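I opened this notebook page to record what I looked up, beginning with charged side chains and going on to rings and helix packing.

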Amino acid sequence: MGLITGLMSALFGDGRNGVAQTIEIFRENAENEAARESTDKAAALGQFAAEFQHRRRGVFDRLVDALNRLPRPALALGTIGLFITAMVEPVWFADRMTGIALIPEPLWWLMGAIVSFYFGARHQAKGQEFQRSVVETVAMSRALGRDAPADMAVPETDENAALKDWWARHGG
């Protein structure tokens, strides 16, 4: 009786669960994992909400943004229109395509460069706008005395002195 009690006390006694602690070395605790996932989801939703809170833009900014959204749908719809035209009016379509075939190759290169730079510049501008919103969110979180989630932290490196200086000026 004393041997079994001693063994059970060693495994489950002293207010702790030795078996559970041993198993947690090899397998993650599901309850703790769910709590961490819940915290991560809440942080992600908070960041998403913060991105849309400070959007006070004027009429001109909204108009320019709307005009910047037109080229891609126009290109897509225009291409679909060409397919429809080729089926409905093949002779008219063939005449137009003959005219396009006569355009010299350097002009095609120029057109490709213009389109590439337009979409490339737009992609870069949107990427920088996103990075700026992440930095503002982290700065706002730090200003409110909250620690930013680990996935939002911007690592400080010695390689970028300008970034280090910016963080120093903005309370980082």
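**Salt bridges.** I began with the charged side chains of this predicted model, and the count of salt bridges came to 3. I then asked which residues are linked in a network of salt bridges, and I found that Asp-65, Arg-69, Lys-126 and Glu-129 are joined in this way.

I took the bridges one by one, starting with Asp-65, whose side chain meets that of Arg-69 in a salt bridge with an N to O distance of 3.0 Å. Asp-65 also meets the side chain of Lys-126, here with N to O at 3.8 Å. I noted that this second pair links distant parts of the chain, since Asp-65 belongs to helix α4 (residues 59-68) and Lys-126 to helix α7 (residues 105-143), 61 residues apart.

For the third bridge I looked up Glu-129, which pairs with Lys-126, their closest N and O atoms lying 3.9 Å apart. Both Glu-129 and Lys-126 are in helix α7, with their positions 3 residues apart in numbering, about one turn of the helix.

**Accessibility of the network.** Is Asp-65 buried or exposed? I entered Asp-65 as buried, because its relative accessibility is 10% and the cut-off for buried is under 20%. Lys-126, with a relative accessible area of 32%, is partly exposed, and Glu-129 counts as partly exposed at 31%.

**Aromatic rings.** I next went through the rings and recorded a count of 1 aromatic pair. The ring centres of Tyr-118 and Phe-119 are 5.0 Å apart and the ring planes stand at 75 degrees, so I entered the pair as edge-to-face, planes over 60 degrees apart being counted that way. On accessibility, I noted Tyr-118 as partly exposed, with a relative accessible area of 27%, and Phe-119 as partly exposed too, at 24%.

**Helices α5 and α6.** Last, I looked at how helix α5 (residues 71-88) meets helix α6 (residues 90-101): their axes come within 5 Å and cross at roughly 125 degrees. That crossing makes α5 oblique to α6, because an angle of 65 to 115 degrees would be needed for roughly perpendicular and one over 145 for roughly antiparallel. On the α5 side I listed Leu-82, Thr-85, Ala-86, Met-87 and Val-88 as making the contact, and on the α6 side Pro-90, Trp-92, Phe-93 and Met-97. How do the residues of this contact divide by what they are, nonpolar, polar or charged? I entered 8 nonpolar and 1 polar, with no charged residue in the contact of α5 with α6.

Key
Residues are numbered from 1 along each chain as its sequence is written. This is a predicted model: local features need pLDDT of at least 70, side-chain atom pairs count only at pLDDT 80 or more; totals for chains, interfaces and linings use all residues. Side-chain values use heavy atoms; hydrogens and water are left out. Axes are lines fitted to C-alpha atoms, for helices over the stretch in contact, and angles run from 0 to 180 degrees between N-to-C directions. Helices (H or I, at least four residues) and strands (E, at least two) are DSSP runs, numbered from the N terminus. Angles under 35 degrees count as roughly parallel, over 145 as roughly antiparallel, 65 to 115 as roughly perpendicular and the rest as oblique. Contact means heavy atoms within 4.5 Å. Ala, Val, Leu, Ile, Met, Phe, Trp, Tyr, Cys and Pro count as nonpolar, Asp, Glu, Lys and Arg as charged, and the others, Gly among them, as polar. Rings of Phe, Tyr and Trp (its six-membered ring) pair if their centres lie within 6.5 Å; planes under 30 degrees apart count as stacked, over 60 as edge-to-face and the rest as tilted. Buried means under 20% relative accessible area, exposed over 50%, partly exposed in between (1.4 Å probe, protein chains only). A salt bridge is a side-chain nitrogen of Lys or Arg within 4 Å of a carboxyl oxygen of Asp or Glu.
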